[in-house]
Number of protein chains: 2
Amino acid sequence: MGIKCRNCPIRQLPLFDPMSSTEIEFMEKFKVGEMNMEPGVPILAEGANTPQLYTALSGMGLRYKLLEDGRRHVISLVLPGDFIGLQAGVLNQMTHSVEATTAMTLCVFDRSELWSLYRNQPARAFDLTWLAANEERFLGEALAALGQREAYELLAWALARIWRKLNALDMTSGTVAPLPYRQQDLADAMGLSLVHTNKTLAKLRNSDLAFWSDGELTVPDIEALEEVGLCRDESLRKRPLI
Amino acid sequence: MGIKCRNCPIRQLPLFDPMSSTEIEFMEKFKVGEMNMEPGVPILAEGANTPQLYTALSGMGLRYKLLEDGRRHVISLVLPGDFIGLQAGVLNQMTHSVEATTAMTLCVFDRSELWSLYRNQPARAFDLTWLAANEERFLGEALAALGQREAYELLAWALARIWRKLNALDMTSGTVAPLPYRQQDLADAMGLSLVHTNKTLAKLRNSDLAFWSDGELTVPDIEALEEVGLCRDESLRKRPLI
DNA sequence: CGACTCATTGATTACCTTCAAATATTGTGG
DNA sequence: CCACAATATTTGAAGGTAATCAATGAGTCG
């Protein structure tokens, strides 16, 4: 059934809170298996109510919403350590879809045990609320970014945020990090057209701020990029891992 | 100290979940008082970490974020029944500011009791996560709206959502409801300029879809408005009240 | 090698912003 | 009580940012 929680490679990262042995024990009972997803495969669909919850172990994905007329809005990226399905677990219904962009490995949890978590593991319950509140925080920032920034600033903001997160996940080497998405994905996340996204990325390139091609993002100077993106110095705080 | 939870007028609304007598008992201990805010007064500031949490009892407010250069983005409205300070309670830091637009009455809770809630009231802890996840849901929808809709659709979407919520709170009478904000507030929420917001509101008026002036919103036909706003039929589900 | 997907570039159009000014409406002090 | 300041709404005009339309280039795969 794959990796035991006690050996979880992700939890070793300094980004994540340490876990007590009692908690690890509980998590190993909570975890019912692992799942491997092919690239492009849907993980959860908007409106669905699944019996399982997930944590991304490896690979990258997307959260998105579809409008009736086919327009798509990408809500956020899914990176290793991200919890998937909180809304299904709590609201009984996903309000966005999730799909794998690259091949992904997911930890699978049994949703029916969620109640036991709230009854017997108050600290873990608190962590779940933390994750939900943190997602709320991120979406609030994204909303302000989309609303107030113009394309050039906005893309700088997005790439800087992504860079910081990849860095915290120890996925950067020097000035390079993997970013295996299409320009269309980023365009759908920013509410910009593909054409304009492409042209704005070219500007960032010409300004030596960010180079993104062939699934690799190169950022020579993250602080310069953050300055253009009007990023606050939001240091990534330690966070719980489910 | 104002209203006792058992007599809470808000919880009577069909929008909210019923509460067991044990829960009411706990909430009455959790609640430490009430607070009256003057119009325009800040309730919580971004970055702050307060010892108190709130629930809006009456009046209306705004959640917003400020960019360094002074631009403001309005995240959402604060209406009766809304919980204020979840982020401070869980993340130890507000990631947006909250201020009263009209005079407001707030229930005040003692944040240091939050742990006791997680230890002793798992159902209430679950409700808190529910609220956080629900906020995440709303912000995801707002993000998709800002990203994918043009101004005319967007304002229709926003006014329709607001109308539905006011209606669920029993604040509508016929086709009229109070909406005591400025056009600038709505503009800052939609990421549009004041001028364009004004002109687009005029179009909605000319289409007989929505009339908003002097703090009053009139919607002759909510379903027509929702159609323009591309609103899903998201019926407002029952929700917990803290 | 042809079909397909994705990235890139140019030209045109349109939505939205900015600038500017006029018109209420309200509160204040002489 | 009226003049004046301050706030909010409304309207017109001009300019810029971003969308759409269209076509080409580059890489992958069966």
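1. The surface near DNA strand C draws its largest share, four residues, from α7(A). Here a residue is near a strand if one of its heavy atoms lies within 4 Å of that strand. Helices (H or I, at least four residues) and strands (E, at least two) are DSSP runs, numbered from the N terminus. Two elements each supply at least two residues of this surface: α7 (194-206) of chain A and α7 (194-206) of chain B.

2. A word on the basis of these values. This is a predicted model, in which local features need pLDDT of at least 70, side-chain atom pairs count only at pLDDT 80 or more, and totals for chains, interfaces and linings use all residues. Residues are numbered from 1 along each chain as its sequence is written, chains are lettered from A and ligands numbered from 1 in the order in which they are written, and side-chain values use heavy atoms, with hydrogens and water left out.

3. DNA strand C, surroundings. The strand is surrounded by 13 residues, and the closest are Arg182(A), Gln183(A), Asn198(A), Ala151(B) and Ser193(B). Of the atoms of DNA strand C that come within 4 Å of the protein, 68% belong to sugar and phosphate. By type, the residues of the surface are four nonpolar, five polar and four charged. In this scheme Ala, Val, Leu, Ile, Met, Phe, Trp, Tyr, Cys and Pro count as nonpolar, Asp, Glu, Lys and Arg as charged, and the others, Gly among them, as polar.

4. DNA strand C, phosphate contacts. A polar contact is a pair of N or O atoms within 3.5 Å; within protein, one must be able to donate a hydrogen and the other to accept it, and residues adjacent in sequence count only if both atoms are side-chain atoms. The side chain of Gln183(A) places an N or O atom 2.5 Å from a phosphate oxygen of DNA strand C. For the side chain of Asn198(A), the distance to a phosphate oxygen of this strand is 3.0 Å. Chain B takes part too: a polar side-chain atom of His196(B) is 3.0 Å from a phosphate oxygen of DNA strand C.

5. DNA strand D, surroundings. Again 13 residues surround the strand, the closest being Ala151(A), Ser193(A), Arg182(B), Gln183(B) and Asn198(B). Sugar and phosphate make up 67% of the atoms of DNA strand D that come within 4 Å of the protein. The largest share of the surface, four residues, comes from α7(B). The residues divide into four nonpolar, five polar and four charged.

6. DNA strand D, phosphate contacts. Gln183(B) has a polar side-chain atom 2.4 Å from a phosphate oxygen of DNA strand D. An N or O atom in the side chain of Asn198(B) is 2.9 Å from a phosphate oxygen of the strand. Ala151(A) uses its backbone: a polar atom there is 2.7 Å from a phosphate oxygen of DNA strand D.

7. The chain interface. Contact (heavy atoms within 4.5 Å) joins 52 residues of chain B to 52 residues of chain A. Buried area is the accessible area (1.4 Å probe) that two parts lose on being put together, summed over both. Between chain B and chain A it is about 4,800 Å², with 64% from carbon and sulfur atoms. Glu136(B), Leu143(B) and Gln148(B) supply 15% of the area that chain B buries against chain A, more than any other three residues.

8. His96(A). The residue sits in the loop between α2 (86-91) and β7 (97-100) of chain A. His96(A) is buried, at a relative accessible area of 7%. Buried means under 20% relative accessible area, exposed over 50%, partly exposed in between (1.4 Å probe, protein chains only). Leaving aside neighbours within four places in sequence, its contacts include Leu44(A), Arg63(A), Tyr64(A), Gln87(A) and, from the other chain, Glu136(B).

9. Strand β3 (residues 52-58) of chain A. Five of its seven residues are buried. Two strands pair if DSSP finds at least two bridges between them. β3(A) pairs antiparallel with β8 (residues 104-110) of chain A over six bridges, and with β6 (residues 83-84) of chain A over two bridges. Tyr54(A) stands opposite Val108(A) in β8(A) and has Ile84(A) as its bridge partner in β6(A).

10. Chain B, β7 and α6. Strand β7 (residues 97-100) pairs antiparallel with β2 (residues 42-44) over two bridges and with β4 (residues 61-66) over four bridges. In helix α6 (residues 183-190) of chain B, six of the eight residues are buried. Just after α6(B), Gly191(B) takes a positive phi of about 70°.
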